[in-house]
Structure formats: structure tokens, C-alpha cells
Amino acid sequence: MKKLTLAIGAIESTAIFLYGLSIVIKGTVDHSSVGSPLVQFIIYTIFAASLAACTRGISKQQNWARTPFYLLQLFIGIAGYTLFSGTLMIYKVLGVIVAAFGVAGFVALLRTPQQ
């Protein structure tokens with residue numbers, strides 16, 4: 001289960017970073033006047049870096065990383081629910097996928113023994 005936890009953490013942190021990068025690229029191309037794409041990119045990058053740090057801590061069997069990883073999985077589940085609440089079908093499908101990753105990461109870490 002540890003390998004599954006590490007894989008989920010790596011996939012999630014990469015996806016979150018790429019999503020933030022897509023926001024800043026789209027905002028720059030479209031010259032967005034709503035919100036600040038750069039600020040959103042920074043927020044998503046911090047979120048991805050936090051998740052990557054927790055995943056690395058779990059890979060090195062450091063118990064400090066478990067609780068933040070659980071909390072980050074809850075945030076990912078909340079993001080999935082928020083997407084699912086969207087109006088378009090693509091948002092609903094993505095919401096289910098994102099929430100499923102959050103639940104899978106949470107359960108995988110629960111089943112990973114502490115050292």
C-alpha cells in the first residue's frame with residue numbers, strides 16, 4: 001500500500017502543479033481581468049509542493065508526513081466535490097475522478113503501516 005500512496009501523491013502533486021500552470025498560461029494568453037492568474041498559480045504551486053513534501057516524507061517513513069497528507073487528501077476531496085457541483089458534465093466527471101483520488105490516497109495511507 002505504501003507504493004500506491006506514493007503513486008497517488010506523485011500523480012496528485014503533478015496534476016495540481018500542471019493545473020496551476022495552465023491557469024497562468026491561459027490567463028496570460030487571454031489577458032484575464034478576473035482574478036490574478038499569477039496568484040492562483042502561486043497558490044496551486046504551494047499546494048503541490050506541500051503534497052510532494054508529504055509524499056517524500058512518507059517515502060522516507062517519517063511519521064510527521066502522515067497527518068498533513070491526510071488533510072491534503074481531504075482538501076482534494078473538497079475540490080472534487082466543488083468540481084462535481086459544476087454545471088457542465090465534464091466538471092462532474094472530473095469531480096468524481098478528483099474525489100476518487102482523494103479517497104484512494106486517504107485509504108491507501110490508512111492501510112500503510114507506520115514505522
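Contact means heavy atoms within 4.5 Å. The model is predicted: local features need pLDDT of at least 70, side-chain atom pairs count only at pLDDT 80 or more, and totals for chains, interfaces and linings use all residues. Residues are numbered from 1 along each chain as its sequence is written, and side-chain values use heavy atoms, with hydrogens and water left out.

**Exercise 1.** Place Leu6 and list its contacts beyond four places in sequence.

*Solution.*
- Start with the helix. Leu6 is found in α1, residues 2-30 (helices are DSSP runs of H or I, at least four residues, numbered from the N terminus).
- Next, exposure. Buried means under 20% relative accessible area, exposed over 50%, partly exposed in between (1.4 Å probe, protein chains only). Leu6 has 22%, so Leu6 counts as partly exposed.
- Then the partners. Leu6 is in contact with Thr55, Ile58 and Ser59.

**Exercise 2.** Find the largest nonpolar core and the helices that supply at least two of its residues.

*Solution.*
- Apply the rule. A nonpolar core is a set of buried Ala, Val, Leu, Ile, Met, Phe, Trp, Tyr and Cys residues joined through side-chain atoms within 4.5 Å.
- Collect the members. The largest core has 11 residues, including Ile16, Ile58, Phe69, Tyr70 and Leu109.
- Assign helices. α2 (37-59) and α3 (66-84) each supply at least two residues of this core.
- Check one member. Beyond four places in sequence, Leu109 touches Thr5, Ile58, Arg66, Phe69 and Tyr70.

**Exercise 3.** Locate Leu88 and classify its exposure.

*Solution.*
- Leu88 sits in the loop between α3 and α4 (89-111).
- Its relative accessible area is 46%, so Leu88 is partly exposed.
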